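I opened my notebook to look a few things up, one entry at a time. Come along and check each entry against the view.

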Amino acid sequence: MKIFKRILKTIFILAIMGIVYSFFFSIYENLKINSMIKDFKSRADATPVNEITLKGVNGVTYIRRYYEVPRETSHELNDNNNVFYDDEKMKLGIDGDIFVNRKSPFKDIPVIHQFVSFYYGGHSSIITYEDDHAKFIEALGFPDDDETLLDYIFSDGEPDNGLSSHIIKSSFNSWQTPHSNHEYYNMFYRDKYIGLRPTNPFLEYDNSDELYNEYKQTAISRGEERVENNAIYNFLFFLNMQNKYYCSDLMSRIYEEAYEAVMNNNDEYRSKGYAKRMNDDGFITSIQDLILSKETFMTFYVEINEEIIDGKSVIVENIYYLEDVK
């Protein structure tokens, strides 16, 4: 009996230590990200390089301001691509970029919203273009009304699973397109979000740019493969991962597979657990992990604010982006 009590006591102490450690580690991660964002913004001139007025929803217009951020870090200087897809700078992000935000989708559920945002962040998706139209590959965790979480937990995730909450390829740009959805912030999906670009792991090769583009396109192809296979959302996160994914987990795993395919010529490799790439701690891949990873760097930061202009409240979309290279 005494041995049993000692075991329970040890487990309890270890659990408390784990909770304390994860709490302070999450504080560290969030403070570091806040510092990254502050530094990124501070490098831009206080005066925007351009300002335009755009149509919002329900007849409401909003202002978009562009702030150019000088390239300074080695990853930024080694990158030979612009941040915008088009010269007019209306299409944010290029093939292979990852969009992330740090706020959970549960903004109307107190405590849960703060907890998820603090420990895991919000949502992520990877962008690709087809005929100059943006598409977003992402994992969504919103079952239909006639489905339960148990349906997903006990599903093997095989293509014929018949479940609705799975990996999709969407033509709707929820990040930049104003909408009247009640879950949105000032007509936008989130009031703050970040653009991440994978670092180039092929710089030592003569055909570095070619390999780098192949790396990003392979990651996109791996995401499309999950769409075709109806891979479902993983509500258990760290269990039964082979055919199930959540948003940030999907990003890291398809890029790990792309790395194996291009760098190690292992096209058959498929990630069956937590990826090591874009996930430096090797465990539950959070939005914070994607942002802080050594294998990504920030290319843009978007912040939505309300300002009083000429006595009226106006929504302002501020876009901070790395300066053009071509």
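**Entry 1: salt bridges**

How many salt bridges does a search of the whole structure find? I ran that search and it came back with 22. I noted beside the number that this is a predicted model. My reminder for the margin is that side chains of opposite charge can pair when their charged atoms come close.

I looked up a few of the pairs. The side chains of K169 and E224 meet in a salt bridge, at 2.6 Å from N to O. This pair links distant parts of the chain, as the two residues are 55 apart. I found K169 in strand β6, residues 167-170, and E224 in helix α5, residues 208-228. Are these two buried, exposed or in between? K169 has a relative accessible area of 28%, so I wrote it down as partly exposed. E224 comes to 21%, and because buried means under 20%, E224 counts as partly exposed too.

Next I turned to D79 and R71, whose side chains form a salt bridge at 3.2 Å, N to O. Here I could write "buried" beside D79 and also beside R71.

Then I checked D191 and K192, where the closest N and O atoms of the salt bridge are 3.9 Å apart. The cut-off for a salt bridge is 4 Å, so I kept this pair in my notes. D191 has 12% relative accessibility and is therefore buried, whereas K192, at 35%, is partly exposed.

Which residues do salt bridges with shared partners join into one network? I listed R222, E225, R226, E257, D267 and R270.

**Entry 2: the largest pocket**

Rolling a probe the size of a water molecule over the atoms shows where empty space is left. How much space lies in the largest pocket? I noted about 800 Å³. There are 33 residues lining this pocket, and the closest to its centre are P105, H123, G141, F142 and Y233. I'd start with those five names when finding the pocket in the view.

Which elements each supply at least two residues of the lining? I put down β5 (133-139), β6 and α6 (247-263). Strand β6 was already in my notes, as the home of K169. I then sorted the lining by kind: 19 residues are nonpolar, eleven are polar and three are charged.

**Entry 3: a nonpolar patch on the surface**

Which residues form a nonpolar patch on the surface? I found F237, F238, L239 and F283, with about 380 Å² of accessible area together. I followed L239 a little further. L239 sits in the loop between β8 (232-233) and β9 (244-245). Its relative accessible area is 41%, so L239 is partly exposed.

**Entry 4: positive phi angles**

I looked up two residues other than glycine that have a positive phi. N186 has a phi near 50°, and M278 has one near 60°.

Where do they lie? N186 is in the loop between β6 and β7 (192-198). M278 is in the loop between α6 and α7 (287-292). I checked their surroundings as well: N186 is partly exposed, because its relative accessibility is 29%, while M278, at 0%, counts as buried.

**Entry 5: two distances along the way**

How far apart in space are D160 and T299, C-alpha to C-alpha? I wrote 38 Å, for a pair 139 residues apart in sequence. D160 belongs to the loop between α4 (149-153) and β6. With a relative accessible area of 68%, over the 50% cut-off, D160 is exposed.

I also tried F202 and N81, which are 121 residues apart along the chain. Their C-alpha atoms are separated by 15 Å. F202 lies in the loop between β7 and α5. Is F202 buried or exposed? At 1% relative accessibility, F202 counts as buried.

Key: Residues numbered from 1 in each chain as written. Predicted model: local features only at pLDDT ≥ 70, side-chain atom pairs only at ≥ 80, totals over all residues. Heavy atoms only, no water. Patch = residues over 30% accessible without salt bridge, like charges linked within 9 Å, V, L, I, M, F, W, Y side chains within 5 Å. Areas by Shrake-Rupley, 256 points an atom, 1.4 Å probe, with all protein chains shown as cover. Helix = DSSP H or I, 4+ residues; strand = E, 2+ residues; numbered from the N terminus. Buried < 20%, exposed > 50% of the residue type's maximum accessible area, 1.4 Å probe, protein only. 1 Å grid on protein atoms, 1.4 Å probe; cavity = no way out; pocket = protein on both sides within 12 Å on 5 of 7 lines; lining within 4 Å. Points joined across faces, edges and corners; volume = space filled by probe spheres on them. Nonpolar A, V, L, I, M, F, W, Y, C, P; charged D, E, K, R; others polar.
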